[in-house]
Amino acid sequence: MNIPRTNLPRVVIIGGGFAGMAMVRKLIGEDVQTVILDRHNYHTFQPLLYQVSTSGLEPDSIAYPMRKITRNSKKCLFRMAEVKSINTEKSYIETSIGDLIYDYLVIATGSKTNFFGNKSIEKNGMWMKTVPQALNIRSLILENLEQAVITDDPEKRKALLNFVLVGAGPTGVELSGAIAELKNHIVPNDYPDINPNEMNIHLLEGLDRVLPPMSEKASKKAHAFLEELGVKVHLNTMVEEYDGHLVTTNTDLALKTETFIWAAGVTGAPVKGLKAEAMVEKANRYEVNAFNQIKGYENIFAIGDIALMQTEAYPKGHPMVAQPAIQQGKHLARNIMNILEGKQLEAFKYKDKGTMATVGRNRAVVDLEQGSFGGFFAWFIWMFVHLWFLIGFRNRLVTFFNWLYNYWNYDKAARLIIRPFKGYEKQMKVDKEEI
Ligand SMILES: Cc1cc2nc3c(=O)[nH]c(=O)nc-3n(C[C@H](O)[C@H](O)[C@H](O)COP(=O)(O)OP(=O)(O)OC[C@H]3O[C@@H](n4cnc5c(N)ncnc54)[C@H](O)[C@@H]3O)c2cc1C
């Protein structure tokens, strides 16, 4: 791996997501050798993936090079590698590019898509955790529109113009809102051969309301926004199977579709090698104490989505969203320094800054401690917060100008099939498999 052993203690961080990045940025400049590894050479801003898959943003606006973070420090190093397993006896990790000894190990590997054991969905559906997967969805949507224009089979045309999304959490809601914007503003101009009313967007949810993690008020508002945009919301509807053409559910609803997007859940993405007692099996996340130490280990920590810290306020662990990951990353950096300086460890306390989701232009819902609200002001706050947390000045600037342009022109500039998806599934398998 070409990483020199110095006299500094070595902190190895697996994963350059929100948690890993927050931690590394705090450790730069400290007297430790920090090594961060990720299978990608960039950080992904997952909350805006849906804009990549619906042609609103180019992928490079939401990805940030890992080496740009580490380049100014000789003590902080990045390696692009897949971490395969951990040897806790001898304190080293095994990766796709070799082994590496650690003094302190931090697992920040996030989560992966949860299919709840449904093989037909895993085989035939689309999902969105990474930039390549978002690009696959973008290509698929645009290819299906192109095919709908030329097919003379009415049943096939109907299936090509049916868009089915499963899971009305923030991802499903935001994605269906953005596809509805395509239907309402792009299709009428770009595809004169398609009557926009032929295009149907179905959002299926197993529970009795959209945005289940948010307040009832936000949920009702978001539901109304979705209907205003023309999204057909089906509550209390569980998908049973998708064979690549037909979706069947536990109700009478059966839909023919060539676009089936699964956004119904995530589960932890652990690394092999730790004792079974370290895992909370049902959640597939590591059980950590208030200092993010994994159960049964002193020098191995977990932060972000992969960590399950039970507290009085969060008996099932913190929500799997960006803020706990960022706050834990920063906090653990401080605690590692506390250990090295012989100071007491400080317990982590999550500061909930609120939850929000957007449903197309001018519409969003926000839950804050002080109350819940929706509409244009919420949408404005949503934009500001996302720009604020996007990493890199260039990314903020490009995203801001893209949004301005899209807003004034009712346009989505990135509706390009650069890398076709259909007929290329085999080559794309790697992208799809990396769940
Ligand atoms: C589509 C989508 C939309 C979302 N929208 C929102 C939102 O609006 N607001 C919000 O707060 N949260 C949102 N989230 C959730 C939020 O993105 C996650 O909670 C957050 O990314 C968790 O951060 P993390 O650092 O724990 O993991 P991640 O950000 O997932 O990072 C994990 C990193 O580890 C790397 N990795 C994993 N395994 C390995 C391995 N074995 N070897 C090497 N590298 C590895 C991955 O490549 C990745 O870079 C969204 C998530 C998704 C998927």
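In the predicted model, strand β19 (residues 279-280) is joined by 2 bridges to strand β20 (residues 285-288), and the two strands run antiparallel. Within this pairing, M279 has Y286 of β20 as its bridge partner. The strands β19 and β20 form a hairpin with 4 residues between them, and in this hairpin N284 adopts a positive phi near 60°. Strand β20 also pairs with strand β22 (residues 307-309), here in the parallel sense and over 3 bridges, with Y286 standing opposite A307 of β22. Y286 is thus a shared point of reference, being the bridge partner of M279 and the residue opposite A307.

A further hairpin is formed by β7 and β8, with 2 residues between the strands. Strand β7 (residues 92-95) and strand β8 (residues 98-101) run antiparallel and are connected by 4 bridges, and T95 is placed opposite G98 of β8.

With regard to the overall division of the protein chain, domain 1 comprises the segments 10-39, 81-113 and 267-341, whereas domain 2 covers 119-264. The C-alpha centres of the two domains, domain 1 and domain 2, are 35 Å apart. In an unreviewed entry, UniProt lists residues 10-329 under "domain: FAD/NAD(P)-binding". Over residues 10-329 the chain is 30% helix and 27% strand in the model, and the end C-alpha atoms of this span lie 17 Å apart.

Turning to the open sheets, one consists of 4 strands in the order β13-β12-β11-β17, and its pairing is parallel. Strands β13 (231-234) and β17 (259-262) occupy the edges, each with a single partner strand, so that one side of each has no neighbour in the sheet. From one strand to the next, the twist of this sheet averages 20°. Strand β11 (residues 162-166) pairs with strand β12 (residues 200-204) in the parallel sense over 5 bridges, and V164 stands opposite H202 in β12. Helix α5 (residues 131-150) packs on the sheet and touches β11 and β17, its direction making about 160° with that of β17. Helix α7 (residues 170-190) likewise packs on the sheet, where it touches β11, β12, β13 and β17, and its direction makes about 175° with that of β12.

Another open sheet contains 3 strands in the order β14-β15-β16, with antiparallel pairing. The edges are taken by β14 (239-242) and β16 (254-256); each has a single partner strand, and therefore one side of each is left without a neighbour in the sheet. Neighbouring strands of this sheet are turned against each other by 15° on average when direction is ignored. Between strand β15 (residues 246-249) and β16 there are 3 bridges in the antiparallel sense, and T248 stands opposite A254 in β16.

Towards higher residue numbers, helix α10 (residues 376-389) packs with helix α11 (residues 393-409) at an angle of about 150°, and their axes are 9 Å apart. This angle makes α10 roughly antiparallel to α11. The contact involves F376, W379, W382, M383, H386, L387 and W388 from α10, together with R396, T399, F400, W403 and Y407 from α11. By class, the residues of this contact between α10 and α11 comprise 9 nonpolar, 2 polar and 1 charged. For residues 373-393, an unreviewed UniProt entry lists "transmembrane region"; in the model this span is 71% helix and 10% strand, and the end C-alpha atoms lie 30 Å apart.

Technical notes. Residues numbered from 1 in each chain as written. Predicted model: local features only at pLDDT ≥ 70, side-chain atom pairs only at ≥ 80, totals over all residues. Heavy atoms only, no water. Axes fitted to C-alpha atoms, helices over the stretch in contact; angles between N-to-C directions. Parallel < 35°, antiparallel > 145°, perpendicular 65-115°, else oblique. Contact = heavy atoms within 4.5 Å. Nonpolar A, V, L, I, M, F, W, Y, C, P; charged D, E, K, R; others polar. UniProt positions renumbered as here; feature names shortened; annotations may be inferred. Pairing = 2+ DSSP bridges. Domains from an automatic or database assignment.
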